[in-house]
Amino acid sequence: MQPIEIITIRSSSLPKHEKIVVSEQELCGIFFCREGDADILLDEKPYRIGTGDMYFYFPSSRVQVVRRSADLWGEMIVIDMGFLQENNEKVNPRWGLYLHEHPCISLSDGQRARIERSVETLRRKVREKETEELSPARRTIYHEQLLLLFRILCYDILDIYLAGNPLQPVSNDRKERIFQKFIISLYHNHRKEREVTFYAQEQYLTPRYFSSLIKEKSGQSALQWIIRSVVTDAKQLLRDPAVSIKEIASLLNFSSQSFFGKYFKQYVGVSPSEYRAGALLRNTPPHSDQMNQDDDIQNNNIAHDGAGDGRLPGGVPSL
């Protein structure tokens with residue numbers, strides 16, 4: 001298949017009496033509903049999508065269409081994960097983190113028109129390869145153009161998400177709402193706030209209870225989520241040689257470049273300058289014994305709000 005495909009989905013072309021299940025090991029996708037409505041399960045969470053709504057699925061996710069209207073139609077943008085991984089220097093990993101936690105979104109008329117324009121531009125580029133055979137050199141250029149247009153679509157989608165319209169699961173309990181509000185706040189505030197206390201106080205909860213709730217809902221503590229966001233942002237900034245490490249430390253609200261370097265090395269294993277130079281083995285997972293050790297540190301320090309003072313909190317994220 002091509003790295004990106006756009007497939008038109010119509011209710012009339014689907015089996016009438018069968019529940020449709022989508023689960024692809026190596027593919028992820030975006031469904032943009034143009035008309036009609038449907039009830040779906042995304043990894044067992046129920047959602048109702050209608051005209052102007054979108055949903056996302058990731059590799060190995062299970063998407064089940066439980067019910068759909070007779071007039072349902074939309075477009076499925078299918079992306080090969082290998083293509084994204086080959087170009088991971090150009091793709092912000094925070095997109096996936098945010099969209100994975102908020103897979104459905106409802107669009108206004110203006111937002112819908114904006115997405116339609118981006119999808120149509122991407123569609124025209126996808127069709128180019130179908131009309132002619134490209135040389136190796138032109139194929140490289142084609143893939144770069146394709147990725148750029150896909151990134152524009154992602155930026156449009158993420159901007160709309162941050163406007164505050166993600167759909168919530170139909171059965172949405174209080175703990176789920178707390179977790180979702182935390183993820184949204186973390187996206188906005190991780191450059192300024194690195195302590196659990198800030199995010200707990202936003203929702204009028206004690207830091208200890210808040211962190212235990214986040215871990216119950218996601219498998220990671222609140223502090224692990226915070227560190228994960230800060231480190232991911234730092235990595236992205238370090239890939240831009242035009243931004244100095246001192247400037248990055250300031251952008252991320254560290255009191256000095258030295259404290260930023262210690263923080264980064266603690267959780268990544270190499271210094272910022274080494275990472276920038278390409279010395280990091282990007283796929284090396286954190287050691288489980290270090291995670292357990294730092295969880296103990298987290299439990300001792302969780303109630304103290306020391307954002308911006310340069311001290312190193314505990315808790316190693318899954319990077």
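**Figure 1. Strand β7 at Val-63 in the predicted model.** Val-63 belongs to strand β7, which spans residues 63-68. The model shown here and in the following views is predicted. With a relative accessible area of 1%, Val-63 is buried. Leu-42 is separated from Val-63 by 21 residues in sequence, yet the C-alpha atoms of the two residues lie 4.8 Å apart in space.

**Figure 2. Packing of helix α5 against helix α7.** Helix α5 covers residues 174-189 and helix α7 covers residues 207-218; their axes are 10 Å apart and enclose an angle of about 100 degrees. The two helices are therefore roughly perpendicular to each other. On the α5 side, the contact involves Arg-174, Lys-175, Glu-176, Ile-178, Phe-179 and Phe-182. These residues meet Tyr-209, Phe-210, Leu-213, Ile-214, Glu-216, Lys-217 and Ser-218 of α7. Sorted by class, the contact of α5 with α7 comprises 7 nonpolar, 1 polar and 5 charged residues.

**Figure 3. The largest nonpolar core.** This core has 35 residues, of which Phe-182, Phe-210, Ile-214, Ile-226 and Phe-260 touch the most other members. At least two residues of the core come from each of α5, α6 (196-202), α7, α8 (222-238), α9 (245-251) and α10 (257-268). Helix α8 makes the greatest contribution, with 10 residues. Phe-182 of α5 and both Phe-210 and Ile-214 of α7 also take part in the helix contact of Figure 2. In soluble globular proteins, nonpolar side chains tend to be buried together.

**Figure 4. Surroundings of Phe-260, and a second core.** Leaving aside residues up to four places away in sequence, Phe-260 touches Ala-234, Ile-245, Ile-248, Ala-249, Leu-252, Phe-254 and Pro-272. A second core, separate from that of Phe-260, consists of 26 residues, among them Cys-28, Phe-58, Leu-146 and Tyr-161.

**Figure 5. Salt bridges within helix α3.** Side chains of opposite charge can pair when their charged atoms come close. In helix α3 (residues 109-131), Glu-116 and Arg-112 are 4 residues apart, about one turn of the helix. Their side chains form a salt bridge with an N to O distance of 3.5 Å. Both partners are partly exposed, Glu-116 having a relative accessible area of 25% and Arg-112 a relative accessibility of 21%. Arg-123 and Glu-120, also in α3, are 3 residues apart, again about one turn. The closest N and O atoms of this salt bridge are 3.2 Å apart. Arg-123 counts as buried at 10% relative accessibility, whereas Glu-120 is partly exposed at 30%. Through salt bridges that share partners, Arg-34, Glu-75, Arg-112, Glu-116, Glu-120 and Arg-123 are joined into one network.

**Figure 6. A salt bridge between helices α3 and α4.** The side chains of Arg-114 and Asp-156 meet in a salt bridge of 3.1 Å, N to O. Because Arg-114 lies in helix α3 and Asp-156 in helix α4 (residues 136-162), the pair ties together parts that are 42 residues apart in sequence. Arg-114 is partly exposed, with a relative accessible area of 25%. Asp-156, by contrast, counts as buried at 13% relative accessibility, since the cut-off for burial is under 20%. Across the whole structure, a search finds 11 salt bridges.

Technical notes. Residues numbered from 1 in each chain as written. Predicted model: local features only at pLDDT ≥ 70, side-chain atom pairs only at ≥ 80, totals over all residues. Heavy atoms only, no water. Axes fitted to C-alpha atoms, helices over the stretch in contact; angles between N-to-C directions. Parallel < 35°, antiparallel > 145°, perpendicular 65-115°, else oblique. Contact = heavy atoms within 4.5 Å. Nonpolar A, V, L, I, M, F, W, Y, C, P; charged D, E, K, R; others polar. Salt bridge = Lys/Arg side-chain N within 4 Å of Asp/Glu carboxyl O. Buried < 20%, exposed > 50% of the residue type's maximum accessible area, 1.4 Å probe, protein only. Core = buried A, V, L, I, M, F, W, Y, C linked by side-chain atoms within 4.5 Å.
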